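Here is a short briefing for someone meeting this structure for the first time. It is best read with the sequence and the 3D view side by side.

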Amino acid sequence: MDATGKNSDMLIKNLRFSQDLNGESCIAPMLLLREYRRFNLNESQLPVFLRLLYLRQKKGALYPEDIAQEFACSPEVAADLLAPYLDAGLINDYDQGRFYQFDGLYRLLYEQWVICQRRQGKAGSADNLSFKRKKNSSGGIYYAFEQEMGRSLSFKENQQIREWLNTEHIPEELLDEALRRAVLQGVMHGNAPLAYIDKILLSWKKRNLTTLEAVLALDKEGRKAAAGRDSHNSRSQDKKTPHSGDDYSEVYK
């Protein structure tokens, strides 16, 4: 075989090598590798997270049995391994743990990308893109809390939200409404904003209000009752105090 034939054989082998190499590669955005600390990842968590990302890219979703096989561990250990990434809102639980996706990661990557665009003077193009959190994604409620608190959630705060969602099975829309009321009360920048929200949720639980519709219906009844009392008090006051013909007479005295 001449030199040309040998070079062709080597090129074919190199192409096969490249295909095999790329076929077993994990596609990780440089933004993630550069800014991983902003996503609540440390140096020891990043390699594990990349292996999880590889599994998702290979299978289309992240399944508990694949995690156990990849890390040669039991399903219980695999669940513990996922916990910090679930707490950070990077990975999202679907179908009560049957599989997982990386909705939260891509949301955070998007937000960080917008920040980078603004730094580079490209804010116009980035600001024209709107991002709305999905109501059916648990990552969305974590993001809502962080937005209202103006900071990243602590480990305990992540645990509390997970407990509301997964242990107490509080619907996300109900938790979102409790958050909205806490914001209106101006407590989200206080010492214990989640404790206030927990009281709201507990009061609804005691009244057996398990849906947003039930909560809003109770609010409507309360407003009607208050309006009825105000109307009654107004009529009683009218009987006691005769009108002078000028509704604003008391103001101008």
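In this predicted model, R181 and E177 both belong to helix 10, where four residues, about one turn of the helix, separate them. An α-helix has 3.6 residues a turn, so residues three or four places apart point the same way. The side chains of R181 and E177 meet in a salt bridge, with 2.8 Å from N to O, and both residues are buried.

**Salt bridges**

- The pair in helix 10 does not stand by itself, since a network of salt bridges links E177, R180, R181 and D219; in the whole structure, a search finds seven salt bridges.
- Another salt bridge joins R38 to E35, whose closest N and O atoms are 2.7 Å apart, and the side chains of E35 and R38 are also listed as making a polar contact at 2.7 Å.
- E35, which lies in helix 2, is buried because its relative accessible area of 16% falls under 20%, whereas R38, at 47% relative accessibility, counts as partly exposed.
- R51 and E70 form a salt bridge in which the closest N and O atoms are 3.3 Å apart; because R51 lies in helix 3 and E70 in helix 4, the pair ties together parts that are 19 residues apart in sequence.
- Both ends of that bridge have some access to the surroundings, as R51 counts as partly exposed at 36% relative accessibility and E70 counts as partly exposed at 29%.

**Helix 3 and its surroundings**

- Helix 3 covers residues 45–59, and at 1.5 Å a residue its 15 residues should span 21 Å, which agrees with the 21 Å between its end C-alpha atoms.
- The buried residues of this helix are Q45, L46, F49, L52, L53, Y54 and L55, and what covers them includes helix 2 (30–35), helix 4 (64–70), helix 5 (75–87) and helix 6 (103–119).
- After helix 3 comes G60, which has a positive phi, near 90°.

**Nonpolar cores**

- The largest nonpolar core has 28 residues, and those with the most contacts inside it are L32, F49, L52, L62, L90 and I91.
- Helix 2, helix 3, helix 4, helix 5 and helix 6 each supply at least two residues of this core, and the largest share, five residues, comes from helix 3.
- Leaving aside residues up to four places away in sequence, F49 touches L32, L41, Y85, L90, I91, F102 and L105.
- Apart from the largest core lies another core, of 24 residues, which includes I161, L174, I200 and L209.

**Aromatic pairs**

- The structure holds six aromatic pairs, and one of the pairs brings together Y63 and F99, whose ring centres are 6.1 Å apart and whose planes stand at 45°, so the pair is tilted.
- Because Y63 lies in the loop between helix 3 and helix 4 while F99 lies in strand 2 (residues 99–101), this pair ties together parts that are 36 residues apart in sequence.
- Of these two residues, Y63 counts as partly exposed at 26% relative accessibility, whereas F99 counts as buried at 17%.
- F145 and W164 form another tilted pair, with ring centres 6.4 Å apart and planes at 35°; since F145 lies in helix 8 (residues 138–149) and W164 in helix 9, the pair ties together parts that are 19 residues apart in sequence.
- F145 is buried, with a relative accessible area of 0%, and W164 likewise counts as buried at 0% relative accessibility.
- F49, already named for its contacts in the largest core, is linked with Y85 and F102 into a cluster by ring pairs.

**Positive phi outside glycine**

- N40, in the loop between helix 2 and helix 3, has a phi near 65°, a positive value in a residue other than glycine, and with a relative accessible area of 34% N40 is partly exposed.
- H169 is not a glycine either, yet has a positive phi of about 55°; H169 is placed in the loop between helix 9 (155–167) and helix 10 (172–184), and H169 counts as exposed because its relative accessibility of 53% is over 50%.

Note on methods:
Residues numbered from 1 in each chain as written. Predicted model: local features only at pLDDT ≥ 70, side-chain atom pairs only at ≥ 80, totals over all residues. Heavy atoms only, no water. Expected span 1.5 Å × (residues − 1). Buried < 20%, exposed > 50% of the residue type's maximum accessible area, 1.4 Å probe, protein only. Contact = heavy atoms within 4.5 Å. Core = buried A, V, L, I, M, F, W, Y, C linked by side-chain atoms within 4.5 Å. Phe/Tyr/Trp six-rings, centres within 6.5 Å; stacked < 30°, edge-to-face > 60°. Polar contact = N/O pair within 3.5 Å; in protein donor to acceptor, adjacent residues only side chain to side chain. Salt bridge = Lys/Arg side-chain N within 4 Å of Asp/Glu carboxyl O.
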